[in-house]
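Me: Pick one part of this model and take me through it closely. I want the neighbours, the pairings and what packs against it, in one connected answer.

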Amino acid sequence: MRTGLVVMTLLITAFPLLSQSESPKKTPADAMREIRLKVLSTPPSQMSRKPTPEYPHVDGIVMDWPLQDTILSVMASSAGDGSIYTTGNFGVFGGVKYDNVRIAAESLVKLGQKYYSDATPTREYPYPQRGHVRFYLICYDGVRMIDADADFLSTGKGKYSDLFSEAQKVIGELRQIANSSKNETQ
């Protein structure tokens, strides 16, 4: 497990160097946006995933959350993967290797099943406006979207507050891994 943390830390810290050497115009933020778009545009069937009794409609979720001048995107899949992408230089990948992240990611996707019918089918994946949070449900029949007021979600009383809260748990677990990685390399 320690080796995985070191590898993840190396990937995060080396990421700007790798992306700049591949293409002088590509920034780490551009690479993060590309990863997010790839996650949103790849159907579960291309990863050999099909509906199950636990996950009848939703296979993954991406939550986009504007924070100051950055958009934080948290991704969770039914396979237990959890990652963070940003429009800045920060990202955390490979959460599937850790039980705490896997449990949080799976819990978020299970909860997403509850909102399948509320979500609007979409083929476009723009970031939300400031003051809003957007949930993209990656479903077996395409992607669906829910847009919600961020202040209302944070009160815990909004219709999708439980979804927002579960996404926060994924973020928290991934932050713990990132912080552990930093401490081990120092």
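Reply: Two strands pair if DSSP finds at least two bridges between them. Strands (E, at least two residues) and helices (H or I, at least four residues) are DSSP runs, numbered from the N terminus. The model is predicted, so local features need pLDDT of at least 70 and side-chain atom pairs count only at pLDDT 80 or more, while totals for chains, interfaces and linings use all residues. Residues are numbered from 1 along each chain as its sequence is written, and side-chain values use heavy atoms, with hydrogens and water left out.

The part I pick is the sheet, with strand β1 as the starting point. The sheet is open and has 7 strands, in the order β4-β3-β2-β1-β6-β7-β5, with antiparallel pairing. β4 (91-92) and β5 (120-122) are its edge strands, each pairing on one side only. In general, strands of a sheet pair through backbone hydrogen bonds, either parallel or antiparallel.

Start with β1, residues 58-67. Of its 10 residues, 9 are buried, so β1 is largely enclosed by the rest of the structure. Buried means under 20% relative accessible area, exposed means over 50%, and partly exposed lies in between (1.4 Å probe, protein chains only).

On one side, β1 meets β6 (residues 132-139). They pair in the antiparallel sense over 6 bridges. Ile-61 stands opposite Leu-137 in β6. Val-58 has Cys-139 of β6 as its bridge partner.

Then there is β2, residues 70-77. It runs antiparallel to β1, and 8 bridges join the two. Val-62 faces Met-75 of β2 across the pairing. The β1-β2 hairpin has 2 residues between the strands, and Gln-68 takes a positive phi near 55° there.

Next comes β3. β2 and β3 pair antiparallel over 5 bridges. Ser-73 has Tyr-85 in β3 as its bridge partner. These two strands form a hairpin with 4 residues between them, and Gly-80 in the turn has a positive phi of about 90°. 5 of the 5 residues of β3 are buried, so β3 is largely enclosed by the rest of the structure. Gly-82, Ile-84 and Thr-86 point one way from the strand, and Ser-83 and Tyr-85 point the other way.

From β3, go on to the edge. β3 and β4 run antiparallel and are joined by 2 bridges. Tyr-85 stands opposite Gly-91 in β4. Here too the strands form a hairpin, with 4 residues between them.

Now the helices. Contact means heavy atoms within 4.5 Å. Axes are lines fitted to C-alpha atoms, for helices over the stretch in contact, and angles run from 0 to 180 degrees between N-to-C directions. Helix α3 (residues 99-112) lies across β1, β2, β3 and β6, at about 100° to β1. It has 14 residues and reaches 20 Å from its first C-alpha to its last, close to the 20 Å expected at 1.5 Å a residue. That expected span is 1.5 Å times one less than the number of residues. Its buried residues are Val-101, Ala-104, Ala-105, Leu-108, Val-109, Leu-111 and Gly-112. They cover an arc of only 160° around the axis, which puts them on the same side of α3. The arc is that of the directions from the helix axis to the C-beta atoms. Asp-99 and Ile-103, on the other side of α3, are exposed.

Helix α2 (residues 28-41) has 14 residues too, reaching 20 Å from first C-alpha to last. Pro-28, Ala-29, Ala-31, Met-32, Arg-36 and Leu-40 are its buried residues.

One side chain of β1 deserves a last look. The whole structure holds 3 aromatic pairs. Trp-65 and Phe-164 form one of them, edge-to-face, at 5.1 Å centre to centre and 85° between the planes. Trp-65 lies in β1 and Phe-164 in helix α5 (residues 161-185), so the pair ties together parts 99 residues apart in sequence. Rings of Phe, Tyr and Trp (its six-membered ring) pair if their centres lie within 6.5 Å; planes under 30 degrees apart count as stacked, over 60 as edge-to-face and the rest as tilted. Trp-65 is buried, at a relative accessible area of 18%. Phe-164 counts as buried at 8% relative accessibility.
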